[in-house]
Amino acid sequence: MNSAEYIKKALRTEPKLEFTKTKYIDERLEHAFIGICSEAGEIADLLKKVKIYKKNIEKIEILEEASDLLWYIAIICDYYKVSFEELMEMNIKKLNKRFPESFSSKARDKVNKAKEYSEMNKVIN
Ligand SMILES: [Mg+2]
């Protein structure tokens, strides 16, 4: 399955809600943002099981939550008409700008968002 097929199939299960566009943000995006936070909470719950309760978790449990995150990312991609490929490319451009050689704390502390955004915008503009 390619990413365009994934987005189409994933959004088949998106609730058909009456989203409104507020002055600041479209509620469809809010749904995606809150969903991402919810899934992050589920990942934190897995970590709690391991760290605090000393229980094993299965690979499939982690991958389930990662795939759930993709579902919400699909909404964001669809909303902005950006493909997963473009999103991945934007992320790599940002990382290349931020860490031209490899990760370093020094480079991390000198983040220049304007330059990163400029590189990322080249993917979609
Ligand atoms: Mg989940």
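Buried area here is the accessible area, taken with a 1.4 Å probe, that two parts lose on being put together, summed over both. In this predicted model, the two parts in question are domain 1 (1-81) and domain 2 (83-125), into which the protein chain is divided. Put together, domain 1 and domain 2 bury about 480 Å², and carbon and sulfur atoms give 73% of that area. The C-alpha centres of domain 1 and domain 2 sit 23 Å apart, and the contact draws on 8 residues from domain 1 and 5 residues from domain 2.

On the polar side, the count between domain 1 and domain 2 comes to 0 salt bridges. There is 1 residue pair in polar contact between domain 1 and domain 2, with both residues at pLDDT 80 or more. As for who does the touching, α1 (3-11) and α3 each bring at least two residues to the side of domain 1 that faces contact with domain 2. Helix α3 gives the largest share of that side, with 4 residues.

Salt bridges come next. Side chains of opposite charge can pair when their charged atoms come close. The structure as a whole holds 7 salt bridges. One of them joins Asp-78 to Arg-28, with the closest N and O atoms 2.8 Å apart. This pair ties together distant parts of the chain, since Asp-78 belongs to helix α3 (residues 59-80) and Arg-28 to helix α2 (residues 27-51), 50 residues apart. The two ends differ in exposure class: Asp-78 is partly exposed, at a relative accessible area of 22%, whereas Arg-28 is buried, at 15%. The cut-off matters for that split, because buried means under 20% relative accessible area. Asp-78 and Arg-28 also belong to a wider arrangement, a network of salt bridges that links them with Glu-14 and Lys-81.

Two further salt bridges stay inside a single helix. Lys-48 pairs with Asp-45, the closest N and O atoms being 2.9 Å apart. Lys-48 and Asp-45 are 3 residues apart in helix α2, so about one helical turn separates them. Both ends of this bridge count as partly exposed: Lys-48 has 34% relative accessibility, and Asp-45 has 28%. In helix α6 (residues 113-124), Lys-122 and Glu-119 are likewise 3 residues apart, about one turn of the helix. Their salt bridge has its closest N and O atoms 2.7 Å apart. Glu-119 counts as buried, at 17% relative accessibility.

Now for the rings. The structure holds 4 aromatic pairs. In one of them, the rings of Tyr-79 and Tyr-80 have centres 4.8 Å apart and planes at 85 degrees, so the pair is edge-to-face. Tyr-79 is partly exposed, with a relative accessible area of 23%. Phe-99 and Phe-103 make up another aromatic pair, this one tilted, at 5.1 Å centre to centre and 55 degrees between the planes. The angle falls short of edge-to-face because that label needs planes over 60 degrees apart. The partners of this tilted pair sit in opposite classes: Phe-99 is buried, with a relative accessible area of 13%, while Phe-103 is exposed, with 53%.

Back in helix α6, Glu-116 deserves a look of its own. Glu-116 counts as buried, with a relative accessibility of 1%. What does Glu-116 contact once its neighbours within four places in sequence are left aside? The partners are Lys-94, Lys-97, Arg-98 and Val-111. The last of these, Val-111, is placed in the loop between α5 (105-109) and α6, and at 31% relative accessibility it counts as partly exposed. Not counting residues up to four places away in sequence, Val-111 touches Arg-98 and Glu-116. Arg-98 therefore turns up in both contact lists, given that contact means heavy atoms within 4.5 Å. Val-111 can also be placed relative to Leu-95: their C-alpha atoms are separated by 10 Å, and the two residues lie 16 residues apart along the chain.

Technical notes: Residues numbered from 1 in each chain as written. Predicted model: local features only at pLDDT ≥ 70, side-chain atom pairs only at ≥ 80, totals over all residues. Heavy atoms only, no water. Salt bridge = Lys/Arg side-chain N within 4 Å of Asp/Glu carboxyl O. Buried < 20%, exposed > 50% of the residue type's maximum accessible area, 1.4 Å probe, protein only. Phe/Tyr/Trp six-rings, centres within 6.5 Å; stacked < 30°, edge-to-face > 60°. Domains from an automatic or database assignment. Polar contact = N/O pair within 3.5 Å; in protein donor to acceptor, adjacent residues only side chain to side chain.
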